[in-house]
Structure formats: structure tokens, C-alpha cells
Amino acid sequence: MDHFSYVDGELRAENVSLNELAAEFGTPFFCYSAATLTRHYQVFTDALSGVDADIYYAMKANSNLGVLATLGNLGAGMDIVSGGELVRAQAAGISPSKIVFSGVGKSVDELRAALDADVHQINLESYEELHALSAIASEMGKTAHVAIRVNPNVDAKTHAKITTGLSENKFGIAWEQAEAIFTEANGLPGIDVVGVAVHIGSQLTDIEPYRAAYTKVRGLVEKLRGLGLNIRAVDLGGGLGIPYDAETPPSPAEYGAMVQDVMAGIDCRLGFEPGRMIVGNAGILVSRVIYVKSGIDRKFLILDAAMNDLIRPALYEAHHTIVPVTEPTTDAMAPIDIVGPVCETGDTFARQRMMPEVKAGDLVAFRSAGAYAAVMASTYNARDLLPEILVNDSDYALVSERVTIHDILKREHIPVWLSGQGQEKNVG
Ligand code: LLP
């Protein structure tokens, strides 16, 4: 459930008019709902109420400070994947004691920053990274609390580009090497092995791959304890899918029940890293129709939003429901291709989508644009990075300003040998 619905013929974000936001901030823009974020976070925590659970929101899904602070206020920790995300999380007021650092290629500087901040846990993904961390921690006189991510070789049955738990994927240590690497880790200086981590992919719509992976992980925990390791934590990752279209992902309650079933009596703290499930349907992208172009055999809805603002359709063939901001007054629908202005055929959001009639100048909203949307934006075609607005009942705040071509040009310079001025020239 979300808080974007039609009221008096207009799509609203909670009690805020999208037409008014468009007039104030210009289009396109992202709009997030605090009530929806809160609801999703609570549904997830309720589903795990019978469990010793720690929730680390996977901030890669949406790392806007307003979103992070909203979730932080509800008690969420953060799952980070870069030194930049560590800085963001701290800027949002999240205590490092609630931060888990994941990621397949953490650099020496990033590992050092994590140890310096005393993050709660570092999830390691390779033998090589384990040894690098041991050396850095020893040199700094610190002890790193680590989980080692295993690759259970389970097919998550999701899009190939967001599957992570197959042996051909770059993530985690190979299942066959787990016992040997855990045992070696246990004796290394600067390393305190606290747990096992797993994450098999994103936008999972079937619960069985989870059950298969978690059952394997449980077996591994028991084996490692038999070998004398003091395993106190299991990090079960994220990945729960959301309904973008006709998908029927497992509900958080079903997921929670499965976890309780598989992990019953394991005597570990269980960590969870939900991203999309929390923020996906808590955001929309609002765009204005530039033209309705009539071709010979099809029509094109040309929007002012493009693939640089929302890359998911181009990258993953992802579906985003697109609705007019003005509530249609009839049920009449017709097929139309919905595209952006970028000079690529890939800049197509939907082909032959059934849509109510919309005209040039109308606003439309992309649903489910809270996760992996603004964070994946680029300035391709010298376009802006979009403003982000967080709504809270009838209140709203600009939580990220529009970045324009003029802001971007300030960082670019014509080399001295071309400027003829004897110094670098800033053209911004
Ligand atoms: N934990 C780890 C270690 C992850 O790699 C991810 C996501 C998550 C948690 C959160 O997964 P979620 O609950 O959000 O599914 N850009 C893609 C999704 C990439 C997911 C990357 N890892 C998309 O737009 O579909």
C-alpha cells in the first residue's frame, strides 16, 4: 500500500498536490512519501517480530538524506556498499554501530574508513579481502567484526542482471571453500568472525529460492560451530520483490514466517538488508508530456523524463506503471509508446502501453520509482539531475536540489594549451 492516490480528480502525494509541486519545482521531479516509507518499514519489522532481528536498510536503493533520516528515526540501521554511503549514512545521523558494510570490492581506503568509524560489521566477499582487512585492522590496532558472505549457488529466478547467488556470479565465497576460509579467518589477527552472510538477488517474487539458500546457510552455521567457531550472527540479505505490474511477490509476513521456520532455535542475531521493499513504492517520478507524436502506425508519448532519470526500463526491461496525474474521466484506453527525449531508441519506457488519453502539457507519474531510480541517474545528454521532494502529510521539503548544466560546468575546465589565456579556463 502507498499514499499516492487520486483525490478530487488529481493524483496526490499524501495531502500534497503534484500540480503544485510541479509548478514550484519544475518537471521532472521525484516525490517520496514519508507515510509510505514508515508503513513499509513497520510492515517489515512486524513480520519479524518473533525474531532477534536487526534491520539494515540497503541504502543503495535510495540514499537521499531525507529518506535515510526518516528511516533512521524509525530505528533502522543501514547496509552500505561504499565509502560514499558511509559518509551519507553518518550525514543522516545514523550511528556507525548500526552500519553493516557489504560489497564485493571494498578498497583499502574504504576498509580503513569503516574501521576508523567502528562500523558494526563488515561483510567480506573473498579470501583476498579477508587478508587485506586483517592486515589493515592489525596495523590500525583494531578488531574487525566480520561476517563472510557465502554464495549458495541457488537460482533466485529474477532478472539475470540482479541475480547474485549463482556460482557464476562475482558475489560471496564459493560454497565449497566456505569451511576452509571461515576456519582460516578465525585465526587471523584483527579479525573477529561473528557470522555468515548471504544475499541471492533482488526483486525476488518466489519464496522457494530464499528457503533453499537459508536452509543451506543454517546447515553451514551448525557445521562451523562444530568446528569451534563462535557464530553469533546470520545476515540474510535483502531482495524481497514488490509489485511493479502483475507480480505477486511473497508478502513480508510470508517471508517472516519462512525465516522463523528455517532459523528456529538457531540462537543467532538475524540481520536483514531490505532496500526496494521499503522504498520502491514510496516514490514516484513526475514528468510532463512534451508532445504526443502521431506516426503512421503508432503514437509516441514524448515525456520530459528520460532514461538518464530512470534507467530501469532500458537496463532491465523493467515495467513501471505510468498514470496521468489528472484522473481519467472515462475507461477508454489506447496503445502508445512512452519515450523520453534522449537520442537513443533505448530511451523507451514502454511500448504499446494501454493508456488513457493524455495531451501535451499534461503531467504523468511513474509509479514504483522510489528504489534504484534517482540513485542510478546520470547527466547523459547534458540533462539535469532531478530535484527530490519528500512529502509528509500536507507538508513537503526539497530534499535534493536540481543539479543543472551550470552546476556541472563549474567542475569542467578547458586545458591551458587550448584556452590561450595562460591558465585553466572555467566556462561555467
Ligand atoms: N544486500 C545486498 C548485499 C545487495 O546487493 C542488495 C541489492 C540488497 C541487500 C538490497 O536488495 P533489495 O532488497 O533492494 O532487492 N538496480 C537494480 C537492483 C540492484 C540490487 C543490488 N543489490 C534494479 O533496479 O532492479
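Count the secondary structure in this predicted model and you get 13 helices and 23 strands in the protein chain.

Now for the overall build. A compact globule of 428 residues would have a radius of gyration near 22 Å, and the protein chain comes out at 23 Å, so the two agree. Some other whole-chain values are set out here.

| Property of the protein chain | Value |
|---|---|
| Span of the C-alpha trace along its principal axes | about 70 × 65 × 40 Å |
| Share of the 428 residues that are buried | 52% |
| Exposed area | about 18500 Å² |
| Share of the exposed area from carbon and sulfur atoms | 50% |
| Distance between the centres of the positive and negative side chains | 2 Å |

Behind that last row stand 34 positive and 54 negative side chains. Sequence distance is worth a look too: take the contacts between residues at least 6 apart in sequence, and 68% of them join residues at least 24 apart.

Next, zoom in on one helix. Which residues of H5 are buried? In this helix, which covers residues 108–117, they are Glu110, Leu111, Ala114 and Leu115. These four sit on the same side of H5, because they cover an arc of only 135° around the axis. The general background is simple: an α-helix has 3.6 residues a turn, so residues three or four places apart point the same way. Over on the other side of H5, Asp109 and Asp116 are exposed.

And what do the buried residues of H5 pack against? Their partners are two helices and three strands: H4 (83–91) and H6 (127–140), along with S7 (99–101), S8 (121–124) and S9 (144–151). Right after H5 comes Asp118, which has a positive phi, near 60°.

Finally, pick out a single residue, Thr36, which belongs to helix H2 (residues 34–47). Is Thr36 buried or exposed? Thr36 has a relative accessible area of 0%, and anything under 20% counts as buried, so Thr36 is buried. Leaving aside residues up to four places away in sequence, Thr36 touches Met1, Asp2, His3 and Glu14, and also Asn281 and Ala282. Asn392 makes another good landmark: 356 residues separate Thr36 from Asn392 in sequence, yet their C-alpha atoms are 9.5 Å apart in space.

Notes: Residues are numbered from 1 along each chain as its sequence is written. This is a predicted model: local features need pLDDT of at least 70, side-chain atom pairs count only at pLDDT 80 or more; totals for chains, interfaces and linings use all residues. Side-chain values use heavy atoms; hydrogens and water are left out. Buried means under 20% relative accessible area, exposed over 50%, partly exposed in between (1.4 Å probe, protein chains only). The arc is that of the directions from the helix axis to the C-beta atoms. Contact means heavy atoms within 4.5 Å. The radius of gyration is taken over C-alpha atoms; the globule rule is 2.2 Å times the number of residues to the power 0.38. Accessible areas come from the Shrake-Rupley method with a 1.4 Å probe; for residues, only the protein chains shown count as cover. Lys and Arg count as positive and Asp and Glu as negative; His and the chain ends are not counted. The place of a charge is taken as NZ of Lys, CZ of Arg, CG of Asp or CD of Glu.
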